[in-house]
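Okay, thanks everyone for coming. Have a look at the structure on the screen, and I'll walk you through a few corners of it.

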Amino acid sequence: MHKPSNALGVARDRRPSQPVTLVRPHAATRAAEFFAQKFPGTSMYAVKANPSPDLIRLLWDGGITHYDVASITEVRLVRSLLPEAVLCFMHPVKPAEAIAEAYHVHGVRTFSLDSVEEVEKIVEVTATDGVPATDLTLCVRLRVSSAHSKLSLAAKFGVGVDEAAPVLHAARQAADALGICFHVGSQAMSPQAYSDAMGLVRAAIVSAGVTVDVIDVGGGFPSIYPGMETAPIERYFAVIHRAFEDLPISYSAELWCEPGRALSAEYASIVVRVEKRRDDVLFINDGAYGALFDAAHVDWRFPVDLVRDVESNTKKLAFSFYGPTCDDADFMRGPFMLPADIRAGDYIEIGMLGAYGCAMRTAFNGFGNGETLVADDEPMASNYTVTEPSREVVTSIREARS
Ligand SMILES: *Cc1c(COP(=O)(O)O)cnc(C)c1O
(Lines give C-alpha, C1' and ligand atoms only; values in the text may rest on other atoms or scores of the structure.)
Protein backbone atom coordinates (compact mmCIF):
# COMPACT_ATOMS: atom_id res chain seq x y z
CA MET A 1 0.00 0.00 0.00
CA HIS A 2 1.23 3.50 -0.78
CA LYS A 3 2.29 5.24 2.37
CA PRO A 4 2.00 9.01 2.12
CA SER A 5 5.35 10.56 2.80
CA ASN A 6 5.20 13.83 4.62
CA ALA A 7 6.56 15.52 7.73
CA LEU A 8 4.27 13.60 10.07
CA GLY A 9 5.31 10.26 8.62
CA VAL A 10 8.99 11.19 9.01
CA ALA A 11 8.57 12.34 12.60
CA ARG A 12 6.51 9.32 13.60
CA ASP A 13 8.52 6.60 11.88
CA ARG A 14 12.04 7.89 12.32
CA ARG A 15 12.09 10.24 15.33
CA PRO A 16 15.09 11.89 13.60
CA SER A 17 17.71 13.52 15.82
CA GLN A 18 19.09 15.52 12.87
CA PRO A 19 17.10 17.94 10.73
CA VAL A 20 15.53 16.15 7.77
CA THR A 21 15.12 17.88 4.39
CA LEU A 22 11.92 17.03 2.56
CA VAL A 23 12.00 17.62 -1.19
CA ARG A 24 8.93 17.79 -3.40
CA PRO A 25 9.84 17.01 -7.01
CA HIS A 26 6.24 17.60 -8.14
CA ALA A 27 6.37 21.18 -6.83
CA ALA A 28 9.59 21.94 -8.74
CA THR A 29 8.23 20.48 -11.97
CA ARG A 30 5.01 22.44 -11.60
CA ALA A 31 6.88 25.73 -11.07
CA ALA A 32 9.07 25.02 -14.12
CA GLU A 33 6.07 24.23 -16.31
CA PHE A 34 4.36 27.40 -15.13
CA PHE A 35 7.27 29.64 -16.13
CA ALA A 36 8.03 27.70 -19.32
CA GLN A 37 4.41 27.97 -20.48
CA LYS A 38 3.24 31.32 -19.12
CA PHE A 39 6.17 33.72 -19.09
CA PRO A 40 5.96 35.65 -22.40
CA GLY A 41 9.59 34.93 -23.27
CA THR A 42 12.48 32.72 -22.10
CA SER A 43 12.84 31.79 -18.42
CA MET A 44 16.28 30.89 -17.09
CA TYR A 45 16.80 29.40 -13.67
CA ALA A 46 19.14 31.38 -11.39
CA VAL A 47 21.18 28.47 -10.07
CA LYS A 48 22.44 30.20 -6.93
CA ALA A 49 18.98 29.93 -5.32
CA ASN A 50 19.50 26.16 -5.06
CA PRO A 51 22.18 24.28 -7.02
CA SER A 52 20.84 20.81 -6.16
CA PRO A 53 21.50 18.52 -9.16
CA ASP A 54 18.15 16.78 -8.64
CA LEU A 55 16.34 20.12 -8.75
CA ILE A 56 18.23 21.27 -11.86
CA ARG A 57 17.24 18.07 -13.69
CA LEU A 58 13.60 18.46 -12.59
CA LEU A 59 13.49 22.02 -13.91
CA TRP A 60 14.95 20.86 -17.22
CA ASP A 61 12.26 18.15 -17.44
CA GLY A 62 9.66 20.84 -16.69
CA GLY A 63 10.82 22.88 -19.69
CA ILE A 64 13.55 25.19 -18.35
CA THR A 65 16.32 25.12 -20.97
CA HIS A 66 18.33 28.23 -19.91
CA TYR A 67 20.37 28.61 -16.73
CA ASP A 68 21.73 31.77 -15.10
CA VAL A 69 25.11 30.82 -13.68
CA ALA A 70 27.30 33.20 -11.70
CA SER A 71 30.54 31.32 -11.01
CA ILE A 72 32.72 28.87 -12.89
CA THR A 73 31.66 26.20 -10.39
CA GLU A 74 28.01 26.73 -11.36
CA VAL A 75 28.98 26.67 -15.06
CA ARG A 76 30.75 23.31 -14.64
CA LEU A 77 27.94 21.89 -12.52
CA VAL A 78 25.10 22.68 -14.91
CA ARG A 79 27.13 21.72 -17.97
CA SER A 80 27.93 18.32 -16.41
CA LEU A 81 24.23 17.72 -15.69
CA LEU A 82 22.70 19.17 -18.84
CA PRO A 83 24.96 19.00 -21.91
CA GLU A 84 22.36 20.77 -24.06
CA ALA A 85 21.33 23.58 -21.72
CA VAL A 86 21.99 27.21 -22.62
CA LEU A 87 24.17 28.75 -19.92
CA CYS A 88 24.28 32.51 -19.36
CA PHE A 89 27.05 33.89 -17.16
CA MET A 90 25.14 36.72 -15.49
CA HIS A 91 27.62 37.95 -12.89
CA PRO A 92 28.77 41.44 -13.94
CA VAL A 93 32.26 41.07 -12.41
CA LYS A 94 33.99 37.86 -13.49
CA PRO A 95 37.55 36.55 -13.28
CA ALA A 96 39.14 36.42 -16.76
CA GLU A 97 39.93 32.71 -16.23
CA ALA A 98 36.26 31.95 -15.57
CA ILE A 99 35.12 33.77 -18.72
CA ALA A 100 37.74 31.97 -20.82
CA GLU A 101 36.83 28.52 -19.51
CA ALA A 102 33.10 29.21 -19.82
CA TYR A 103 33.47 30.34 -23.43
CA HIS A 104 36.12 27.97 -24.78
CA VAL A 105 35.30 24.82 -22.79
CA HIS A 106 31.61 24.99 -21.87
CA GLY A 107 30.06 26.81 -24.82
CA VAL A 108 28.84 29.85 -22.86
CA ARG A 109 28.09 32.74 -25.22
CA THR A 110 26.05 35.11 -23.03
CA PHE A 111 27.70 37.31 -20.40
CA SER A 112 26.50 40.24 -18.33
CA LEU A 113 28.62 43.26 -17.44
CA ASP A 114 28.31 46.78 -16.09
CA SER A 115 31.51 48.51 -17.21
CA VAL A 116 33.62 49.14 -20.30
CA GLU A 117 36.53 47.33 -18.59
CA GLU A 118 34.43 44.15 -18.33
CA VAL A 119 33.57 44.38 -22.05
CA GLU A 120 37.29 44.65 -22.84
CA LYS A 121 38.08 41.70 -20.56
CA ILE A 122 35.41 39.54 -22.20
CA VAL A 123 36.55 40.47 -25.72
CA GLU A 124 40.18 39.72 -24.89
CA VAL A 125 39.71 36.29 -23.33
CA THR A 126 37.07 34.99 -25.76
CA ALA A 127 39.31 35.70 -28.80
CA THR A 128 40.81 32.72 -30.60
CA ASP A 129 44.35 33.18 -31.97
CA GLY A 130 43.86 36.93 -31.69
CA VAL A 131 40.59 36.85 -33.66
CA PRO A 132 37.70 38.31 -31.66
CA ALA A 133 34.62 36.18 -31.07
CA THR A 134 31.67 36.97 -33.33
CA ASP A 135 29.01 35.08 -31.41
CA LEU A 136 28.75 36.94 -28.10
CA THR A 137 25.53 38.08 -26.46
CA LEU A 138 26.49 40.85 -24.05
CA CYS A 139 23.93 42.07 -21.51
CA VAL A 140 24.53 45.42 -19.85
CA ARG A 141 23.32 45.34 -16.26
CA LEU A 142 21.41 48.50 -15.45
CA ARG A 143 21.11 49.74 -11.89
CA VAL A 144 17.45 49.89 -10.86
CA SER A 145 15.58 50.47 -7.62
CA SER A 146 14.98 47.70 -5.08
CA ALA A 147 12.24 49.78 -3.43
CA HIS A 148 9.55 47.13 -3.92
CA SER A 149 11.68 44.19 -2.82
CA LYS A 150 12.38 42.47 0.49
CA LEU A 151 16.07 41.94 -0.34
CA SER A 152 17.99 44.68 -2.13
CA LEU A 153 20.25 44.02 -5.10
CA ALA A 154 20.55 47.70 -5.95
CA ALA A 155 23.91 48.73 -4.53
CA LYS A 156 26.46 46.23 -5.71
CA PHE A 157 26.01 45.91 -9.46
CA GLY A 158 24.66 47.85 -12.37
CA VAL A 159 25.49 51.00 -14.29
CA GLY A 160 23.21 53.99 -13.74
CA VAL A 161 21.09 55.15 -16.67
CA ASP A 162 23.11 58.36 -16.90
CA GLU A 163 26.40 56.47 -17.31
CA ALA A 164 25.05 53.61 -19.42
CA ALA A 165 25.63 55.00 -22.95
CA PRO A 166 29.40 54.34 -23.21
CA VAL A 167 28.96 50.82 -21.82
CA LEU A 168 26.10 50.09 -24.24
CA HIS A 169 28.20 51.39 -27.15
CA ALA A 170 31.21 49.28 -26.18
CA ALA A 171 29.05 46.18 -25.75
CA ARG A 172 27.21 46.84 -29.04
CA GLN A 173 30.51 46.97 -30.90
CA ALA A 174 31.78 43.72 -29.42
CA ALA A 175 28.56 41.73 -29.45
CA ASP A 176 26.57 39.82 -31.99
CA ALA A 177 23.50 40.47 -29.81
CA LEU A 178 23.15 43.27 -27.27
CA GLY A 179 21.01 42.90 -24.17
CA ILE A 180 19.98 45.03 -21.24
CA CYS A 181 19.40 43.27 -17.93
CA PHE A 182 18.50 44.33 -14.41
CA HIS A 183 17.41 42.88 -11.07
CA VAL A 184 14.66 44.58 -9.07
CA GLY A 185 15.74 42.83 -5.85
CA SER A 186 14.55 39.53 -4.47
CA GLN A 187 10.92 38.92 -3.47
CA ALA A 188 9.52 41.92 -5.37
CA MET A 189 6.26 42.66 -3.61
CA SER A 190 4.66 44.52 -6.53
CA PRO A 191 4.70 44.12 -10.32
CA GLN A 192 5.35 47.85 -10.46
CA ALA A 193 8.98 47.09 -9.63
CA TYR A 194 9.30 45.77 -13.20
CA SER A 195 7.40 48.56 -14.94
CA ASP A 196 9.52 51.15 -13.09
CA ALA A 197 12.71 49.34 -14.14
CA MET A 198 11.49 49.13 -17.74
CA GLY A 199 11.13 52.92 -17.68
CA LEU A 200 14.87 53.13 -16.94
CA VAL A 201 15.60 50.63 -19.73
CA ARG A 202 13.69 52.86 -22.14
CA ALA A 203 15.67 55.93 -21.02
CA ALA A 204 18.97 54.06 -21.46
CA ILE A 205 18.04 52.88 -24.97
CA VAL A 206 16.91 56.34 -26.03
CA SER A 207 19.93 58.17 -24.68
CA ALA A 208 22.45 55.72 -26.15
CA GLY A 209 20.59 55.33 -29.45
CA VAL A 210 21.52 51.65 -29.74
CA THR A 211 19.69 48.66 -31.20
CA VAL A 212 18.86 46.20 -28.44
CA ASP A 213 18.18 42.52 -29.10
CA VAL A 214 17.45 41.18 -25.61
CA ILE A 215 15.61 42.56 -22.58
CA ASP A 216 16.28 40.49 -19.47
CA VAL A 217 14.09 41.44 -16.50
CA GLY A 218 16.10 39.31 -14.06
CA GLY A 219 14.73 37.56 -10.99
CA GLY A 220 12.72 38.85 -8.06
CA PHE A 221 9.46 36.97 -8.66
CA PRO A 222 7.96 36.36 -5.21
CA SER A 223 7.07 33.20 -3.37
CA ILE A 224 4.50 32.97 -0.57
CA TYR A 225 5.69 33.55 3.01
CA PRO A 226 3.73 34.63 6.12
CA GLY A 227 3.04 38.34 5.98
CA MET A 228 4.40 38.67 2.42
CA GLU A 229 1.35 38.27 0.24
CA THR A 230 1.65 39.47 -3.33
CA ALA A 231 -0.31 39.61 -6.56
CA PRO A 232 -0.43 36.37 -8.59
CA ILE A 233 2.67 35.73 -10.70
CA GLU A 234 0.56 36.01 -13.88
CA ARG A 235 0.01 39.67 -13.09
CA TYR A 236 3.78 40.20 -12.97
CA PHE A 237 4.04 38.53 -16.37
CA ALA A 238 1.30 40.77 -17.80
CA VAL A 239 2.92 43.97 -16.52
CA ILE A 240 6.33 42.90 -17.87
CA HIS A 241 4.88 41.96 -21.24
CA ARG A 242 3.08 45.27 -21.62
CA ALA A 243 6.21 47.26 -20.72
CA PHE A 244 8.31 45.15 -23.10
CA GLU A 245 5.92 45.76 -26.00
CA ASP A 246 6.19 49.51 -25.38
CA LEU A 247 9.99 49.65 -25.62
CA PRO A 248 11.71 51.19 -28.66
CA ILE A 249 13.19 47.86 -29.80
CA SER A 250 12.81 45.75 -32.91
CA TYR A 251 9.95 43.28 -33.28
CA SER A 252 12.44 40.43 -33.15
CA ALA A 253 13.89 41.42 -29.75
CA GLU A 254 13.71 38.71 -27.09
CA LEU A 255 12.37 38.89 -23.55
CA TRP A 256 14.14 36.89 -20.83
CA CYS A 257 13.75 36.46 -17.08
CA GLU A 258 15.93 34.84 -14.39
CA PRO A 259 13.77 33.46 -11.56
CA GLY A 260 15.62 31.79 -8.70
CA ARG A 261 13.32 31.88 -5.70
CA ALA A 262 10.08 31.39 -7.66
CA LEU A 263 11.36 28.17 -9.24
CA SER A 264 12.84 26.64 -6.12
CA ALA A 265 11.24 27.86 -2.87
CA GLU A 266 8.44 25.29 -2.87
CA TYR A 267 10.84 22.43 -3.58
CA ALA A 268 12.05 21.87 -0.01
CA SER A 269 11.10 22.09 3.64
CA ILE A 270 12.84 20.85 6.75
CA VAL A 271 11.67 18.88 9.76
CA VAL A 272 13.44 19.97 12.95
CA ARG A 273 13.21 18.80 16.55
CA VAL A 274 12.64 21.01 19.56
CA GLU A 275 15.49 20.20 21.97
CA LYS A 276 14.45 22.60 24.68
CA ARG A 277 11.89 25.29 25.38
CA ARG A 278 12.69 28.44 27.35
CA ASP A 279 9.51 30.53 27.59
CA ASP A 280 8.82 31.78 24.07
CA VAL A 281 12.14 30.61 22.65
CA LEU A 282 12.56 27.15 21.14
CA PHE A 283 16.00 25.54 20.80
CA ILE A 284 15.84 23.60 17.52
CA ASN A 285 18.40 21.52 15.64
CA ASP A 286 18.81 23.71 12.53
CA GLY A 287 19.62 27.40 12.36
CA ALA A 288 21.59 30.37 11.08
CA TYR A 289 24.50 28.25 9.81
CA GLY A 290 22.07 25.70 8.39
CA ALA A 291 19.01 26.23 6.25
CA LEU A 292 17.77 29.23 8.25
CA PHE A 293 20.41 31.79 7.23
CA ASP A 294 17.82 34.27 5.94
CA ALA A 295 15.63 33.83 9.03
CA ALA A 296 18.61 34.81 11.17
CA HIS A 297 20.23 37.49 9.04
CA VAL A 298 17.33 39.30 7.36
CA ASP A 299 14.49 38.25 9.70
CA TRP A 300 12.83 36.22 6.95
CA ARG A 301 9.64 34.56 8.18
CA PHE A 302 9.22 31.04 6.89
CA PRO A 303 5.92 29.20 7.44
CA VAL A 304 5.94 26.70 10.34
CA ASP A 305 3.72 23.85 11.45
CA LEU A 306 3.77 21.69 14.57
CA VAL A 307 4.14 18.04 13.49
CA ARG A 308 2.34 15.85 16.01
CA ASP A 309 0.14 12.76 15.80
CA VAL A 310 -2.70 14.46 17.63
CA GLU A 311 -2.99 18.09 16.66
CA SER A 312 -2.70 20.62 19.44
CA ASN A 313 -5.86 22.58 20.21
CA THR A 314 -4.05 25.29 22.17
CA LYS A 315 -3.89 28.76 20.70
CA LYS A 316 -0.91 29.92 18.68
CA LEU A 317 1.80 32.05 20.24
CA ALA A 318 4.77 33.88 18.71
CA PHE A 319 8.05 31.99 19.17
CA SER A 320 11.68 32.70 18.32
CA PHE A 321 14.23 29.98 17.61
CA TYR A 322 17.79 29.29 18.71
CA GLY A 323 19.73 27.00 16.37
CA PRO A 324 22.15 24.25 17.46
CA THR A 325 25.55 26.04 17.46
CA CYS A 326 27.18 27.53 20.56
CA ASP A 327 26.88 31.25 19.76
CA ASP A 328 24.17 33.86 20.21
CA ALA A 329 24.16 34.73 16.48
CA ASP A 330 22.40 31.43 15.81
CA PHE A 331 19.05 33.09 16.51
CA MET A 332 15.91 33.45 14.40
CA ARG A 333 13.63 36.17 15.74
CA GLY A 334 10.48 35.18 13.88
CA PRO A 335 7.75 35.55 15.03
CA PHE A 336 7.02 31.89 14.29
CA MET A 337 3.41 31.12 15.23
CA LEU A 338 3.12 27.73 16.97
CA PRO A 339 0.72 26.14 19.50
CA ALA A 340 1.16 27.27 23.10
CA ASP A 341 1.79 23.74 24.39
CA ILE A 342 4.79 23.01 22.15
CA ARG A 343 7.58 21.30 24.11
CA ALA A 344 10.93 19.54 23.86
CA GLY A 345 10.69 16.43 21.70
CA ASP A 346 8.11 17.95 19.33
CA TYR A 347 8.89 18.26 15.63
CA ILE A 348 8.30 21.35 13.51
CA GLU A 349 8.10 21.55 9.73
CA ILE A 350 9.57 24.78 8.33
CA GLY A 351 8.47 25.39 4.75
CA MET A 352 9.58 27.22 1.60
CA LEU A 353 13.26 26.48 2.15
CA GLY A 354 14.03 25.36 -1.40
CA ALA A 355 15.32 28.86 -2.24
CA TYR A 356 18.21 30.40 -0.26
CA GLY A 357 17.59 27.86 2.52
CA CYS A 358 18.98 24.41 1.91
CA ALA A 359 21.55 25.99 -0.45
CA MET A 360 23.13 28.02 2.37
CA ARG A 361 23.97 25.16 4.78
CA THR A 362 27.40 24.98 6.34
CA ALA A 363 28.97 22.30 8.51
CA PHE A 364 29.93 24.84 11.19
CA ASN A 365 30.24 23.42 14.71
CA GLY A 366 29.54 19.89 13.49
CA PHE A 367 25.94 20.43 12.45
CA GLY A 368 24.32 20.32 9.04
CA ASN A 369 24.44 16.76 7.75
CA GLY A 370 20.87 15.48 8.01
CA GLU A 371 19.05 13.21 5.58
CA THR A 372 17.05 14.23 2.50
CA LEU A 373 13.77 12.41 1.78
CA VAL A 374 11.12 12.77 -0.90
CA ALA A 375 7.68 13.99 0.20
CA ASP A 376 4.57 13.70 -1.94
CA ASP A 377 2.27 16.13 -0.16
CA GLU A 378 1.79 19.77 -1.08
CA PRO A 379 4.30 22.46 -0.07
CA MET A 380 3.12 24.72 2.77
CA ALA A 381 2.13 27.36 0.21
CA SER A 382 2.13 27.46 -3.57
CA ASN A 383 1.97 30.09 -6.27
CA TYR A 384 1.06 27.46 -8.82
CA THR A 385 -1.94 25.60 -7.46
CA VAL A 386 -4.95 25.94 -5.23
CA THR A 387 -3.61 24.70 -1.90
CA GLU A 388 -5.68 23.35 0.98
CA PRO A 389 -7.24 26.40 2.64
CA SER A 390 -6.35 25.21 6.16
CA ARG A 391 -2.97 26.87 6.17
CA GLU A 392 -2.81 30.32 7.73
CA VAL A 393 -0.59 31.64 4.98
CA VAL A 394 -2.79 30.48 2.13
CA THR A 395 -5.90 31.92 3.71
CA SER A 396 -4.28 35.28 4.09
CA ILE A 397 -3.08 35.34 0.50
CA ARG A 398 -6.56 34.52 -0.71
CA GLU A 399 -7.87 37.47 1.28
CA ALA A 400 -5.16 39.72 -0.06
CA ARG A 401 -6.03 38.74 -3.63
CA SER A 402 -9.81 38.97 -3.40
C1 LIG B 1 20.04 36.20 -7.43
C2 LIG B 1 19.85 36.53 -8.85
C3 LIG B 1 18.70 36.06 -9.54
C4 LIG B 1 17.58 35.32 -8.86
O5 LIG B 1 16.84 36.18 -8.06
P6 LIG B 1 15.48 35.70 -7.33
O7 LIG B 1 15.10 36.86 -6.51
O8 LIG B 1 15.82 34.50 -6.55
O9 LIG B 1 14.49 35.40 -8.41
C10 LIG B 1 18.59 36.35 -10.89
N11 LIG B 1 19.54 37.06 -11.54
C12 LIG B 1 20.66 37.53 -10.92
C13 LIG B 1 21.65 38.28 -11.71
C14 LIG B 1 20.83 37.28 -9.56
O15 LIG B 1 21.93 37.76 -8.94
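I'll start with the strands, go on to the ligand, and finish with the salt bridges.

One thing before we begin: this is a predicted model.

Let's begin with strand β8, which covers residues 177-181. How many of its residues are buried? Five of the five, so β8 is mostly covered. Here's a handy bit of background: in a regular strand the side chains alternate between the two faces of the sheet. With that in mind, look at the two sides of β8. On one side you have A177, G179 and C181, and on the other L178 and I180, and all of them are buried. In other words, both faces of β8 are covered.

Now, who are the neighbours of β8? One of them is β6, which pairs with β8 in the parallel sense over five bridges. If you want a spot to look at, find T137, whose bridge partner in β8 is A177. Then there's β10, which runs parallel to β8 and is joined to β8 by three bridges. Here the spot to find is C181, standing opposite D216 in β10.

Hang on to D216, since we can keep walking from there. Strand β10 is residues 214-216, and three bridges join β10 to β11, again running parallel. The bridge partner of D216 in β11 is W256. How does the chain get from β10 to β11? The chain goes through helix α9, residues 233-245, and this β-α-β crossover is right-handed.

One more step along. Strand β11, residues 254-257, also pairs with strand β2, residues 42-46, in the parallel sense over two bridges. And who does T42 meet in β11? W256 again, as the bridge partner of T42.

A quick detour to strand β3, residues 66-69, which is where H66 sits. Is H66 buried or exposed? The relative accessibility is 17%, and the cut-off for buried is under 20%, so H66 counts as buried. The side chain of H66 also has a polar contact of 2.8 Å with the side chain of T65.

Okay, on to the ligand. There are 15 residues around the ligand, and the ones that come nearest are K48, S186, E258, R261 and Y356. Let's look at some individual distances. A polar side-chain atom of S186 is 2.5 Å from a ligand oxygen. With G220, it's a backbone N or O atom that lies 2.8 Å from an oxygen of the ligand. For G260, a polar backbone atom is 2.9 Å from a ligand oxygen. How much of the ligand does the protein cover? On its own the ligand has 390 Å² of accessible area, and the protein covers 92% of that.

Last topic: salt bridges. The general idea is that side chains of opposite charge can pair when their charged atoms come close. The count for this model comes to 18 salt bridges, and I've picked three.

First up, E349 and R24, whose side chains meet with 2.9 Å from N to O. Why might you care about this pair? E349 is in strand β17, residues 347-350, while R24 is in the loop between β1 and α2, so the salt bridge ties together parts that are 325 residues apart in sequence. Both ends are tucked away, too: E349 is buried, with a relative accessible area of 4%, and R24 is buried at 2%.

Next, R30 and E266, where the closest N and O atoms are 4.0 Å apart. R30 lies in helix α2 and E266 in the loop between α10 and β12, so here the pair ties together parts 236 residues apart in sequence. Again, R30 and E266 are buried.

The third is R109 with D135, and the closest N and O atoms are 2.8 Å apart. R109 is in the loop between α5 and β5, and D135 is in the loop between α6 and β6, so this pair links parts 26 residues apart in sequence. Buried or partly exposed, this time? R109 is partly exposed, with a relative accessible area of 28%, and D135 is partly exposed as well, at 31%.

And one to finish on: R24, E349 and D377 are joined into one network by salt bridges that share partners. Thanks, that's it from me!

Methods: Residues are numbered from 1 along each chain as its sequence is written. This is a predicted model: local features need pLDDT of at least 70, side-chain atom pairs count only at pLDDT 80 or more; totals for chains, interfaces and linings use all residues. Side-chain values use heavy atoms; hydrogens and water are left out. Helices (H or I, at least four residues) and strands (E, at least two) are DSSP runs, numbered from the N terminus. Buried means under 20% relative accessible area, exposed over 50%, partly exposed in between (1.4 Å probe, protein chains only). Two strands pair if DSSP finds at least two bridges between them. A crossover is right-handed if, with the strands pointing away from the viewer, the path from the first strand over the helix to the second runs clockwise. A residue is near a molecule or strand if one of its heavy atoms lies within 4 Å of it. A polar contact is a pair of N or O atoms within 3.5 Å; within protein, one must be able to donate a hydrogen and the other to accept it, and residues adjacent in sequence count only if both atoms are side-chain atoms. Accessible areas come from the Shrake-Rupley method with a 1.4 Å probe; for residues, only the protein chains shown count as cover.
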